[in-house]
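This report goes through selected sites of one protein model, residue by residue. Please keep the sequence and the structure open while reading.

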Amino acid sequence: QFTGLRACEILDSRGRPTLSVTVSHGSRSATATVPSGASTGRSEAHERRDADPARYGGAGVLGAVDTVNSELRQLLCARSWTGLADIDAAMIELDGTEDRSRIGANAIVGVSMAVARMLADAGEVPLWSWLHVQGGRPRLPVPHFNVLNGGAHAHTGLDFQEFLIAPLAAATVAEAIRAGAEVYAALRTLLADRGHSVGLGDEGGFAPELTRPEDALQLLLRAIEDAGYPAGLDGIAIALDPAASQFRGPDGTYLVNEHRHSSSDLVQRYVQMVRDFPIWSIEDGMAEDDLAGWRELTAELGDRIQLVGDDNFVTTAARIARGAKLAVANAALIKLNQIGTVTETLEAIEICREHGYGQMISHRSGETTDDFIADLAVGVGCGQLKAGAPARGERVAKYNRLLQIAADAPELPYGIAETAFTVHTG
Ligand code: PGA
Ligand code: ZN
C-alpha cells in the first residue's frame, strides 16, 4: 500500500519545465524525473503542457503536476496493488484517451518510473535487476556517444541530427566510456585547430557549422584515429541518427545540404556512406511516413548494418510487430516517454526480442539527471544505450550509473547482445 504521491515542476536540460514525481510507502520514498524530446514522432504519447503564454512561453507543466497530486494520488493510495503492470494499466484506464493527453503522458511516465524504483527498493534489489524481460539476461550495454549534433538539436547547417561513436570492441564498459571521452576530447582539439566552433548542441555533442554529413563523418574518423583507437567494428564504430522526418519536405523529397533527394537517392547516399565509413547502425534513415523508403533501405542495408526505427515505431509493440511484417528496419529505439509507462516499454522490448529485432535504449534531447535508463538497458540486456555526449551532467549521469553498476556487479558481461543483425568483427 502506497502512502503518498506528489509531483512538482522542475527544469530540464534545455531550461524547460518538466516533472519530478515522488512516491512514498511509510518511511521509504522514490523519485523519478521526466525527459522531453524535440524531434518527436507524430504518434508519441502526448506530453501535457499548460499552454499559458504567461509562464515559460506556454511550456509549464502545472496542470500535469496537479493531476499527479490529486487524481493519480487518489488512485495509487486508494488500495493495494499486485504490481507495476496493474498500476500502469489503471493509470491508462483512468486517462481514457488514446494518446494519454487528458492526464498527460509526462505525468503518467513519471509515476510509473517512480513506482518501479520504489518496488525495486522494497524488494532490496538494484533497479537493473528488477527491470527484466522474458528470456533477457542482464548485460552492460555499449554506450553510443553523440559527439556531433545537428538537425533539431543544433540549428547549424548540418541536416543529420546525430553522429555517434560506439566502442564495440572495448573489453569493459569502463574502457568504452574512457574511449568515448578520449575521442570527444580529440574531436574538440581537431575542431578548434580547424577554426570551427566548439559550442555544443542539446545532447552535449559539438555543433560546428558543417553542412555535408560526409564531412562530419570524416572529422569523426580523424578524431577516433587521433585518440589512438582503430576505427571499425573491431574498434570504435560510428552510428548515425539522421532523424530524416525532420528534413523531408511536403513533396516527399529529402533536403540534405541543400541537395534534393528522392527516397531512392537518399538510400544510395547511405549505401555509399556505409562503404566509405565504419558505420554500424543507422536510426531513422527515412522519415516516419515513408514506408516505401524504409523498405528500400532495409532491403539494401538490412543484412549489413543495424537499422533502427524511432519516429516510426515510437516504442509501441504493435507498430514494431507491423514493421517486422513489412520488413522495415531490424531494430527499435526504446524511449519510456514515447509510449508512456514502464510496463509498455518492457512489452515493446519483448516484441523486439520475439521478432529478432535489436533494441537501443535512449535518452531524450531534453533530459534531467535521472539515470533510470542506464538500469533499464542493463536489466533487459539489450546491449545498447544512447545517452548523448560523454559530457554535461544530464548525459554523464547515465554513463556514470553504468560505471557504478559495473563496479557493484563485476560478473555482468559487456557488449552488444545477439540481435537479428550480427556484428561481424575482425
Ligand atoms: P529527441 O531526439 O529526444 O529530440 O526526440 C532523440 C532522437 O531522435 O533519437
Ligand atoms: Zn532518433
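## Ligand 1

In this predicted model, an N or O atom in the side chain of Glu283 sits 3.1 Å from an oxygen atom of ligand 1. Asp310 also places a polar side-chain atom 3.1 Å from an oxygen atom of ligand 1. For Lys386, the distance between a polar side-chain atom and an oxygen atom of ligand 1 is 2.7 Å. The protein buries 100% of the 280 Å² that ligand 1 exposes when taken alone.

How many residues surround ligand 1? There are 15, and the closest are Ala38, His153, Arg364, Ser365 and Lys386.

## The zinc ion

The zinc ion (ligand 2) has three kinds of entry in its donor list: Asp241 through OD, Glu283 through OE and Asp310 through OD. These protein donors lie 2.0 to 2.2 Å from the zinc ion. Along the sequence, the spacing of the donor residues is D-x41-E-x26-D. Glu283 belongs to strand 9 (residues 279-283), while Asp310 is in the loop between strand 10 (306-309) and helix 9 (317-325). The two are 27 residues apart, and the pair links distant parts of the chain.

Are Glu283 and Asp310 buried or exposed? Glu283 has a relative accessible area of 3%, under the 20% limit, and therefore counts as buried. Asp310 is buried too, with a relative accessibility of 3%. Glu283 and Asp310 are zinc donors, and the side chain of Glu283 and that of Asp310 each have a polar atom 3.1 Å from an oxygen atom of ligand 1.

## The nonpolar core

The largest nonpolar core holds 130 residues. Which of them touch the most other members? They are Leu19, Tyr270 and Ile361. In soluble globular proteins, nonpolar side chains tend to be buried together.

Not counting residues up to four places away in sequence, Ile361 touches Ile334, Ile349, Ile373, Leu376, Ala377, Val380, Cys382, Gln384, Leu385 and Lys386. One of these, Lys386, is also among the closest residues to ligand 1.

## Asp370 and Glu344

Asp370 is in the loop between strand 12 (358-362) and helix 12 (372-380). Its relative accessibility is 10%, so Asp370 is classed as buried. The side chain of Asp370 reaches two backbone nitrogens: that of Thr33 at 2.9 Å and that of Phe372 at 2.8 Å. Beyond its neighbours within four places in sequence, Asp370 is in contact with Thr31, Ala32, Thr33, Met113, Arg117 and Lys398.

Glu344 is part of helix 11 (residues 342-354). With 13% relative accessibility, Glu344 is buried. The side chains of Glu344 and Arg100 are joined by a polar contact of 2.9 Å. Apart from residues up to four places away in sequence, Glu344 touches Ile92, Arg100 and Ile339.

## Gly37 and Gly57

Both Gly37 and Gly57 lie in the loop between strand 3 and helix 1. That loop follows strand 3 (28-33) and leads to helix 1 (62-78). Which of the two glycines is buried and which is exposed? Gly37 is buried because its relative accessible area of 15% is under 20%. Gly57, at 72%, is over 50% and therefore exposed.

Setting aside neighbours within four places in sequence, Gly37 is in contact with Arg14, Glu47, Asn337, Arg364 and Ser365. Among these contacts, Arg364 and Ser365 are also listed with the closest residues to ligand 1. The C-alpha atoms of Gly37 and Ala406 are 28 Å apart, with their positions 369 residues apart along the chain. For Gly57 and Arg16, which are 41 residues apart along the chain, the C-alpha separation is 9.4 Å.

## Positive phi values

Asn257 has a positive phi, near 35°, and is a residue other than glycine. Asn257 is located in the loop between strand 7 (254-256) and strand 8 (259-261). Its relative accessible area is 13%, which means that Asn257 is buried.

Ala327 is not a glycine either, and has a positive phi of about 60°. The loop between helix 9 and strand 11 (331-334) contains Ala327. Where Asn257 is buried, Ala327 is partly exposed, with a relative accessible area of 42%.

Definitions and conventions:
Residues numbered from 1 in each chain as written. Chains lettered and ligands numbered in written order. Predicted model: local features only at pLDDT ≥ 70, side-chain atom pairs only at ≥ 80, totals over all residues. Heavy atoms only, no water. Donors = N, O, S within 2.8 Å, 3.2 Å for Na, K, Ca; no water. Helix = DSSP H or I, 4+ residues; strand = E, 2+ residues; numbered from the N terminus. Buried < 20%, exposed > 50% of the residue type's maximum accessible area, 1.4 Å probe, protein only. Core = buried A, V, L, I, M, F, W, Y, C linked by side-chain atoms within 4.5 Å. Contact = heavy atoms within 4.5 Å. Near = heavy atom within 4 Å. Polar contact = N/O pair within 3.5 Å; in protein donor to acceptor, adjacent residues only side chain to side chain. Areas by Shrake-Rupley, 256 points an atom, 1.4 Å probe, with all protein chains shown as cover.
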